[in-house]
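Reader: I should like to learn how a protein model is read, one feature at a time. May we begin with the model itself?

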Amino acid sequence: MEVRAITRNVPMSAQKVREVVRQIQGLPAEHALAVLAMVPRKSARLVRKTLRSAIANAENNCNLKAENLRVKEAVAGTATTLKRFTPKARGSAGPIRKRRAHIRIVLSDQ
């Protein structure tokens with residue numbers, strides 16, 4: 001059985017989150033939590049929070065044991081980008097893109 005958790009509109013670019021998400025694909029869920037605890041990045045904290053949510057969904061909604069779960073899929077995709085402008089020389093404006101990401105983690109008991 002597959003269980004998933006999604007965190008939407010994380011205030012970080014998807015490229016930064018993907019670097020962390022790739023490290024946990026295919027690992028057992030508890031081992032993935034241990035790996036994320038040692039990664040010194042802000043995105044690791046956000047991915048760990050999403051992984052804990054997926055484990056809680058499996059335990060509470062599907063009566064699965066955490067030690068039997070494996071990270072089947074971990075994906076970070078782009079979300080909407082906030083577009084702002086900053087003043088530049090000679091009265092022109094320079095764009096600022098505040099990127100956001102969605103984190104999706106799918107756990108499987110097989």
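Author: The dialogue below goes from the whole chain to single residues. Please keep in mind that this is a predicted model.

Reader: Which helices and strands does the protein have, and in what order do the elements run?

Author: One begins with an inventory and then follows the chain. The protein has 3 helices and 5 strands. Read from the N terminus, their order is β-α-α-α-β-β-β-β.

Reader: How is the overall form of the protein to be read, and what radius of gyration does the protein have?

Author: One sets the radius of gyration beside the value for a compact globule. For 110 residues that value would be near 13 Å, whereas the protein has 17 Å. The spans along the principal axes add to the picture: the C-alpha trace covers about 60 × 25 × 15 Å.

Reader: What share of the residues counts as buried, and how much area does the protein expose?

Author: Burial is judged residue by residue and then given as a share of the chain. Here 35% of the 110 residues count as buried. The exposed area of the protein is about 7,000 Å², of which carbon and sulfur atoms supply 46%.

Reader: How many positive and negative side chains are there, and how far apart do the centres of the two sets lie?

Author: One counts each set and then compares the places of their centres. The protein has 23 positive and 7 negative side chains. The centres of these two sets lie 20 Å apart.

Reader: What share of the contacts joins residues 24 or more positions apart?

Author: Here one asks how far along the chain the partners in a contact are. Among contacts in the protein with a separation of 6 or more, 71% are between residues 24 or more positions apart.

Reader: Where is Ala5 found, and which residues is Ala5 in contact with?

Author: One first places the residue in its element and then lists its partners. Ala5 belongs to strand E1, residues 2–10. Leaving aside neighbours within four places in sequence, Ala5 is in contact with Thr50, Ser53, Ala54, Asn57, Ile103, Arg104 and Ile105. Ala5 and Ile105 are 100 residues apart in sequence, yet their C-alpha atoms are 5.5 Å apart in space.

Reader: Why does Ala5 count as buried?

Author: Ala5 counts as buried because its relative accessible area is 5%, and the cut-off for buried is under 20%.

Reader: Thr50 was one of those partners. Is Thr50 buried or exposed, and where is its place?

Author: The place of Thr50 is in helix H3. Thr50 is buried, with a relative accessible area of 1%. Beyond its neighbours within four places, its contacts are Ala5, Ile6, Thr7, Ile103 and Ile105. A polar atom of the Thr50 side chain also lies 3.0 Å from the backbone oxygen of Leu46.

Reader: What does the side chain of Ser108 reach, and which residues does Ser108 touch?

Author: For a polar side chain, one looks for polar partners as well as for contacts in general. Ser108 lies in strand E5, residues 101–108, and its side chain reaches the backbone nitrogen of Gln110 at 3.4 Å. Not counting residues up to four places away in sequence, Ser108 touches Met1, Glu2, Asn68, Leu69, Arg70 and Lys72. Ser108 is buried, with a relative accessible area of 7%.

Reader: Is Pro87 buried or exposed, and how far is Pro87 from Ile6?

Author: Pro87 has its place in strand E3 and counts as exposed because its relative accessibility is 71%, the cut-off for exposed being over 50%. Pro87 and Ile6 are 81 residues apart in sequence, with 36 Å between their C-alpha atoms.

Reader: Where is Arg84, and which residues is Arg84 in contact with?

Author: Arg84 is in strand E3. Apart from neighbours within four places in sequence, Arg84 is in contact with Gly94, Pro95, Ile96 and Lys98. The C-alpha atoms of Arg84 and Lys98 are separated by 7.7 Å, with their positions 14 residues apart along the chain. Arg84 is partly exposed, at a relative accessible area of 41%.

Reader: What is the phi of Asn63, and what is the phi of Arg90?

Author: With backbone angles, one notes the sign of phi and the kind of residue. Asn63 has a phi near 55°, a positive value in a residue other than glycine. Phi of Arg90 is near 60°, also positive in a residue other than glycine. Asn63 lies in the loop between helix H3 and strand E2, and Arg90 in the loop between strand E3 and strand E4. Asn63 is exposed at 68% relative accessible area, and Arg90 is exposed at 87%.

Definitions and conventions:
Residues are numbered from 1 along each chain as its sequence is written. This is a predicted model: local features need pLDDT of at least 70, side-chain atom pairs count only at pLDDT 80 or more; totals for chains, interfaces and linings use all residues. Side-chain values use heavy atoms; hydrogens and water are left out. Helices (H or I, at least four residues) and strands (E, at least two) are DSSP runs, numbered from the N terminus. The radius of gyration is taken over C-alpha atoms; the globule rule is 2.2 Å times the number of residues to the power 0.38. Buried means under 20% relative accessible area, exposed over 50%, partly exposed in between (1.4 Å probe, protein chains only). Contact means heavy atoms within 4.5 Å. Accessible areas come from the Shrake-Rupley method with a 1.4 Å probe; for residues, only the protein chains shown count as cover. Lys and Arg count as positive and Asp and Glu as negative; His and the chain ends are not counted. The place of a charge is taken as NZ of Lys, CZ of Arg, CG of Asp or CD of Glu. A polar contact is a pair of N or O atoms within 3.5 Å; within protein, one must be able to donate a hydrogen and the other to accept it, and residues adjacent in sequence count only if both atoms are side-chain atoms.
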